[in-house]
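Visitor: I am new to this structure and would like a close look at one part of it. Please start from a single hairpin and describe what lies around it, then work outward from there.

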Amino acid sequence: MKSVRVIAVEFIKSRAAYSSATARGLGAEMCKELKTTVLRLSPPTSNGPASLQEGQTDGAGILACTVKALKEGHIVGVPTDTIYGLACLAQNSVAVRNTYDIKGRNGHKPLAICVGEIQDIYKYCKVKVKKELLMDLLPGPVTLVFERSEALNTDLNPFTPLVGVRIPDHAFMRSLCQMCGEPLALTSANISSHTSTVEVHEFQELWPKLAVVVDGGPIGDQSRLGSTVVDLSVLDKYRIIRPGCALSATLDVLERKYGLSEDTGER
C-alpha cells in the first residue's frame, strides 16, 4: 500500500455557522446532523513519507475510522482513481437505500460494487473471461459488468441479473475494501444528473448526510469522465456501456490481446 499521512482536526459546528470557503480550509470538520468527520489524506513525498507533525497520525487511523462508519451502516465519501464516490456496504440493504436517497438517484439505475482483490470478483460475479484479462484491466479505471452470483445482496440492483465491479487503482480504496472484508456499493459523489466531482468541496452539500468524508486532494487529470464501463456477461463478447476515461486502452486489451468481438445485439 502506498504511504499516506493523515491530517485530522475535528470539531463540532452548526451548518449555519460555516461558509464553503471555511469548510474547504479545514482538515476535519463535524457536521451537526451526522457529526461528519472530514479527514485529509496527505500524499507521500518523492523521498518517502516525511516525519509526522503534531496533529497527524498514520494511514491506519483514517482507514479504521472509515471502516467503522461503514460497518455501522453509514455512507462515506471517498476518492477513487477517477472521481470522488459515495460508498456503503453492498450487503447492507438499508445503507444501499440511503445511498439512493442521498443522491436522489433513480431507483432503477444500478450501483457498482468495489472490491480489493481480483479473487473477490469470483465470489460476487459469474466470470466468463480469463483471469489474465481481469489482471490486465484491474486495478484500473474500468468497471466490468458480469452476471451476479447468489452471494450478492438481492436488494442491490434487484431489477437486473448483472452487476458492475471495480477495483480502483487507488491504494486507500483497495485497503478499505480489504479491511471491510466485503464489497462496497459505489457511485459518484454528486446529486444525480449533476457534474461528477474531482475535489471534496464540490460535493460539500452532501457532507451533512455522510459519516466520513475522505479528502484525497484533486483527482487525476480531472476529466470527470468516470470509469470505462464494459459488459462482459456474454461469452467472447463485449459491449461498451460507458466510454469513460480508459476506452482506447480497454478496447486494445479486449480485442487485440483476447480476441473479443463487440456485441451489437439488443439486450
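Guide: The hairpin is formed by strand 6 and strand 7, with four residues between them. The model is a predicted one, and what follows should be read with that in mind.

Strand 6 covers residues 76–79, and four bridges join it to strand 7 in an antiparallel arrangement. One position to look for in this pairing is Gly77, whose bridge partner in strand 7 is Leu86. Leu86 also has a partner in strand 12, namely Thr187. Strand 7 and strand 12 run antiparallel as well, joined by five bridges. Strand 7 is thus paired with strand 6 and with strand 12.

How many of the six residues of strand 7 are buried? Six of the six are, so the strand counts as mostly covered, buried meaning under 20% relative accessible area.

Strand 7, residues 84–89, and strand 12 are also among the elements that cover the buried residues of helix 3. Helix 3 spans residues 93–103, and its buried residues are Ser93, Ala95, Val96, Thr99, Tyr100, Ile102 and Lys103. Each end of this helix has a detail to note. At the N-terminal end, Asn92 acts as a cap, with a side-chain oxygen 3.1 Å from the backbone nitrogen of Val94. Just after the helix, Gly104 takes a positive phi of about 70°.

The loop before strand 12 leads to another part of the chain. Here Glu182 forms a salt bridge with Lys71, and the closest N and O atoms are 3.4 Å apart. Lys71 belongs to helix 2 (residues 59–71), while Glu182 sits in the loop between helix 6 (171–180) and strand 12 (184–188), so the salt bridge ties together parts that are 111 residues apart in sequence. Both ends are partly exposed: Lys71 has a relative accessibility of 43%, and Glu182 has 21%.

A search of the whole structure finds eleven salt bridges. Another of them joins Asp136 and Lys257, with the closest N and O atoms 2.9 Å apart. This pair also links distant parts of the chain, since Asp136 is in helix 5 and Lys257 in helix 7, 121 residues apart. Asp136 is partly exposed at 35% relative accessible area, and Lys257 is partly exposed at 46%.

Helix 7 can be read by its two sides. Its buried residues are Thr250, Val253 and Leu254, within a helix that runs over residues 247–257. Viewed down the helix axis, the buried residues fall within an arc of 85°, so they line one face of helix 7. The face turned away from that buried side carries the exposed residues Ser248, Ala249 and Arg256. The cover over the buried residues includes helix 5 (131–137), strand 10, strand 14 (228–231) and strand 15 (237–242). Just after helix 7, Gly259 has a positive phi of about 70°.

Strand 10, one of the elements covering helix 7, spans residues 142–148 and contains Arg148. What is the nearest side chain of opposite charge to the buried Arg148? It is Asp155, 8.1 Å away, and Arg148 has no salt bridge. A salt bridge needs a side-chain nitrogen within 4 Å of a carboxyl oxygen. The side chain of Arg148 instead reaches the backbone oxygen of Asn153 at 2.6 Å. Beyond its neighbours within four places in sequence, Arg148 has contacts that include Tyr124, Cys125, Lys126, Leu156, Pro161 and Val163. Lys126, one of these contacts, is itself linked with Glu147 and Glu150 in a network of salt bridges.

A further salt bridge pairs the side chains of Arg239 and Asp231, at 3.4 Å from N to O. Its two ends differ in cover: Arg239 is partly exposed at 25% relative accessibility, whereas Asp231 is buried at 1%.

Key
Residues numbered from 1 in each chain as written. Predicted model: local features only at pLDDT ≥ 70, side-chain atom pairs only at ≥ 80, totals over all residues. Heavy atoms only, no water. Buried < 20%, exposed > 50% of the residue type's maximum accessible area, 1.4 Å probe, protein only. Lys, Arg positive; Asp, Glu negative; His and termini not counted. Polar contact = N/O pair within 3.5 Å; in protein donor to acceptor, adjacent residues only side chain to side chain. Contact = heavy atoms within 4.5 Å. Arc of directions from axis to C-beta. Pairing = 2+ DSSP bridges.
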